[in-house]
Amino acid sequence: MGLLEGKRLLITGVLTEASIGFGVAALAQQEGAEIILTGAGNGMKHTEKSARKLPTEPVVLEFDVSDPSHIPALRTELEQRWGTLDGALHAIGFAPSVCLGGTFMDATWDDVAVALNISAYSLKALAEVVAPLMPNGGSIVGLDFDNTVSWPSYDWMGVAKSAFESTSRYLARYLGAQQIRVNLVAAGPIKTIAARSIPGFSKFEDVWDERAPLGWDVRNAPGVARACVALLSDWFPQTTGEVIHVDGGYHATGA
Ligand code: NAD
């Protein structure tokens, strides 16, 4: 009996096989879940290609978090297919290039607004889709990067992650009465398309393995998907508004 036997999950953010969302989708299927993926814009064809590489090919629906009309459309589609669902993974992030890589002072509000909309507010947009379809409670899990300090290059994405964390705590507050839990997994650096788009991200990658007490492999971090699956399961029934670090212990140690 798998950890997610009988559960129906919406998984966002599967772009390539390296995507954190892909690892969660594959493990969720292995643990017995039925899943639906979402993709966005030009990435849709990549999501559909990646879907074919999962143990069982799932349906792929469109959900661009920057388009408010997609919220009711996706909710209606899920309601027609499933009626209710048990969980959702938020694995979405984007910032215009000027928001990353050391040009912090050059980013305008219009640039920053895009980063905040797609990378932080979108957690609330996802909750708007799924919460009405969770009459028996559920679990929403998002992917975070520790932002208690400033990092080289991460810049406005770090600011967006702070907003993302805060959004998760408010969602935990407002959805708790419906027994919907909202938690984040703060992962160490992983080589994905999103990570590659951050100039200087390799600086994190080099130092992480050296400093993390448990070590860290940017190409192989199965603990991230496992933590997400555990939070999507019934094994954290009284945990919400939490950030769980899956980073080899890096966040807990000094130089
Ligand atoms: P990825 O590039 O594989 O995934 C990013 C996803 O965001 C893609 O699937 C893309 O389609 C989606 N996306 C972008 N704009 C969107 C929009 N408007 N609407 C809907 N979806 C949109 O990279 P990833 O590293 O797997 O990123 C997943 C999450 O993990 C992100 O929130 C990221 O910040 C977080 N994270 C990544 C790392 C890392 O080192 N890779 C570390 C910690 C947290």
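Gln-179 sits in the loop that runs between helix 5 and strand 6, the latter covering residues 180-187. In this predicted model, Gln-179 counts as exposed, because its relative accessibility is 56% and the cut-off for that class is over 50%. The backbone of Gln-179 has a phi near 60 degrees, a positive value in a residue other than glycine.

A positive phi is also found at Asp-155, where the angle is about 45 degrees although the residue is not a glycine. Asp-155 belongs to helix 5, and with a relative accessible area of 14% it is buried, whereas Gln-179 is exposed.

**Asn-147 and helix 5**

The loop between strand 5 (138-144) and helix 5 (155-175) contains Asn-147. Is Asn-147 buried or exposed? Its relative accessibility is 13%, and since buried means under 20%, Asn-147 counts as buried. The side chain of Asn-147 has two polar partners to consider: one of its polar atoms lies 3.1 Å from the backbone oxygen of Phe-145, and a polar contact of 2.7 Å joins it to the side chain of Ser-162. Once neighbours within four places in sequence are left aside, the residues in contact with Asn-147 are Gly-158, Lys-161, Ser-162 and Glu-165, so that Ser-162 appears both in this list and as a side-chain polar partner.

**The ligand and Asp-64**

The ligand is surrounded by 28 residues, and the closest of them are Ser-19, Ile-20, Asp-64, Ile-190 and Thr-192. Three polar approaches to the ligand can be set side by side.

| Residue and atom | Ligand atom | Distance |
|---|---|---|
| Asp-64, polar side-chain atom | nitrogen | 2.9 Å |
| Ile-92, backbone N or O atom | oxygen | 3.0 Å |
| Ala-194, polar backbone atom | oxygen | 3.0 Å |

Asp-64 thus reaches a nitrogen atom of the ligand through its side chain, while Ile-92 approaches an oxygen atom of the ligand with a backbone atom, and Ala-194 likewise with a polar backbone atom.

Where in the fold does Asp-64 lie? It is found in the loop between strand 3, which spans residues 59-62, and helix 3. Asp-64 is classed as partly exposed because its relative accessible area is 23%, which falls between the limits of 20% and 50%; that value takes only the protein chains into account. Besides its approach to the ligand nitrogen, the side chain of Asp-64 makes a polar contact of 2.7 Å with the side chain of Ser-66. Beyond its neighbours within four places in sequence, Asp-64 is in contact with Gly-39, Ala-40 and His-70. By contrast, Pro-132, which is 68 residues away from Asp-64 along the chain, has its C-alpha atom 19 Å from that of Asp-64.

**Helix 3 against helix 4**

Two packed helices are described by the angle between their axes and the distance between the axes. For helix 3 (residues 70-81) and helix 4 (residues 109-130), the axes come within 8 Å and cross at roughly 35 degrees, and the crossing is right-handed. On the side of helix 3 the contact is made by Ile-71, Leu-74, Arg-75 and Leu-78, and on the side of helix 4 by Ala-125, Glu-128 and Val-129. Five of these contact residues are nonpolar and two are charged, with no polar residue among them.

**Two residues of helix 4**

Ser-122 is found in helix 4, and Lys-124 lies in helix 4 too. With a relative accessible area of 0%, Ser-122 is buried, whereas Lys-124, at 29% relative accessibility, counts as partly exposed. The side chain of Ser-122 reaches the backbone oxygen of Ile-118 at 2.6 Å. Leaving aside neighbours within four places in sequence, Ser-122 is in contact with Val-65, His-90 and Asn-117.

Which residues does Lys-124 touch, not counting those up to four places away in sequence? They are Thr-167 and Leu-171. Although Lys-124 and Thr-167 are 43 residues apart in sequence, their C-alpha atoms are 7.2 Å apart in space.

Terms used: Residues are numbered from 1 along each chain as its sequence is written. This is a predicted model: local features need pLDDT of at least 70, side-chain atom pairs count only at pLDDT 80 or more; totals for chains, interfaces and linings use all residues. Side-chain values use heavy atoms; hydrogens and water are left out. Axes are lines fitted to C-alpha atoms, for helices over the stretch in contact, and angles run from 0 to 180 degrees between N-to-C directions. Helices (H or I, at least four residues) and strands (E, at least two) are DSSP runs, numbered from the N terminus. A crossing is left-handed if the near helix is turned anticlockwise from the far one by less than a right angle, and right-handed if clockwise. Contact means heavy atoms within 4.5 Å. Ala, Val, Leu, Ile, Met, Phe, Trp, Tyr, Cys and Pro count as nonpolar, Asp, Glu, Lys and Arg as charged, and the others, Gly among them, as polar. Buried means under 20% relative accessible area, exposed over 50%, partly exposed in between (1.4 Å probe, protein chains only). A polar contact is a pair of N or O atoms within 3.5 Å; within protein, one must be able to donate a hydrogen and the other to accept it, and residues adjacent in sequence count only if both atoms are side-chain atoms. A residue is near a molecule or strand if one of its heavy atoms lies within 4 Å of it.
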